[in-house]
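Here's a short set of exercises to work through with the model open in your viewer. Try each task before you read its solution.

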Amino acid sequence: MVMISKYLTKMGRPASYLSLAIAAGLAVAGALWVNIANAADAEVDTSKLPPASEKKVDFAKDIQPFLKKACQDCHDAGGGAGNFSVDSEKSILKGGEHGKMVIPGKSAKSPLMYYVGHLLKGKEMPPEGAGDPLTKEQLSLLRAWIDQLPKDDKAPKDPAK
Ligand code: HEC
């Protein structure tokens, strides 16, 4: 901090306030980014997720209805919160402002599961008070859907990139 203020005093006042604001913004964005980037690492306890269902999953029939019900209010076709839309299979695969939320073939590495499985503190989806959490059966189906997607070898290992 000492070094930063020294650096700032060298610059004009308005500029220093501006850079301070930018620095603060970057720090917040950075912290969020690291948080999500970590979501892809082993730091998340994926053993808390129910195992994937053995069932052959049909997105329209088995997944879409409960996602629409639980998420659509905030994550609609227009982009929605976090620029993440549950409107279609395609929009879910596209991801949100923090990148891909689904890694095809790898439910245990898919940030979407961390949000809905309540593995990320403070980022539980749906947020507290905004509806019931997904049931074990729904989580299990969601995992199966992700695991049964054709693997995309071009998908980045780190979904935040
Ligand atoms: C009451 C509103 C609300 C509901 C309902 C809700 N969300 Fe969210 N969701 C948010 C908000 C707000 C954010 C952005 C939070 C942030 O950036 O810290 C978010 C962020 C996300 C993200 C991260 C997107 C990104 O790239 O940053 C995912 C994934 C997500 N929600 C999935 C879901 C799913 C799946 C459901 C349904 C099971 C759901 N949400 C229900 C409000 C909601």
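A helix here is a DSSP run of H or I with at least four residues, a strand is a run of E with at least two, and both are numbered from the N terminus. Keep in mind that the model is predicted.

**Exercise 1. Work out the order of the elements from the N terminus on, and see how far the confidence values carry you.**

Step 1: run along the chain from the N terminus, and the elements read α-α-α-α-α-α. That comes to six helices and zero strands.

Step 2: look at the confidence. The mean pLDDT of the protein is 81, with 68% of the residues at 70 or more. Over residues 5–12, though, the pLDDT is below 50, and this stretch has five contacts in the model beyond near neighbours in sequence.

Step 3: check the contacts and burial. Among contacts with a separation of 6 or more, 62% are between residues 24 or more positions apart. Of the 161 residues, 25% count as buried.

**Exercise 2. Find which helices feed the largest nonpolar core, and which one has the largest share.**

Step 1: list the core residues that touch the most other members. Out of 25, these are Val102, Leu112, Met113, Val116, Leu141, Leu142 and Trp145.

Step 2: assign them to helices. H3, H5 and H6 (136–148) each supply at least two residues of this core, and the largest share, six residues, comes from H6.

Step 3: zoom in on H6. Its 13 residues reach 18 Å from first C-alpha to last, close to the 18 Å expected at 1.5 Å a residue. Its buried residues include Leu139, Leu141, Leu142, Trp145 and Ile146, but also Gln138 and Arg143. The buried residues of H6 pack against H3 and H5.

Step 4: pick one core residue and trace its partners. Leaving aside neighbours within four places in sequence, valine 116 is in contact with Met125, Leu134, Leu139 and Leu142. As a background rule, nonpolar side chains tend to be buried together in soluble globular proteins.

**Exercise 3. Describe the shell around the ligand: which residues come nearest, and what classes are they drawn from?**

Step 1: of the 25 residues around the ligand, Cys71, Cys74, Ala81, Gly82 and Gly96 come nearest.

Step 2: sort the shell by class, which gives 16 nonpolar, six polar and three charged residues.

Step 3: ask which helices take part. H3 (59–71) and H5 (111–116) each supply at least two residues of the shell.

Step 4: take Gly96 and look for a loop glycine to compare it with. Glycine 79 is in the loop between H3 and H4 (89–94), and it sits 17 residues from glycine 96 in sequence and 8.3 Å away in space, C-alpha to C-alpha.

**Exercise 4. Locate the unusual backbone geometry in the loops, and say why asparagine 83 and histidine 118 count as partly exposed.**

Step 1: start with the peptide bond. Methionine 125 and proline 126 are joined by a cis peptide bond, with omega about -10°. Proline 126 lies in the loop between H5 and H6.

Step 2: turn to phi. Asparagine 83 has a positive phi, near 55°, although it's a residue other than glycine; its place is the loop between H3 and H4. Histidine 118 also has a positive phi, about 60°, and is in the loop between H5 and H6.

Step 3: count neighbours. Partly exposed falls between 12 or fewer other C-beta atoms within 10 Å (exposed) and 20 or more (buried). Asparagine 83 has 13, so it's partly exposed. Histidine 118 has 16, so it's partly exposed too.

Key
Residues numbered from 1 in each chain as written. Predicted model: local features only at pLDDT ≥ 70, side-chain atom pairs only at ≥ 80, totals over all residues. Near = placed C-beta within 6 Å. Nonpolar A, V, L, I, M, F, W, Y, C, P; charged D, E, K, R; others polar. Core = buried A, V, L, I, M, F, W, Y, C linked by C-beta atoms within 7 Å. Contact = placed C-beta atoms within 7 Å. pLDDT = per-residue confidence, 0-100. Expected span 1.5 Å × (residues − 1).
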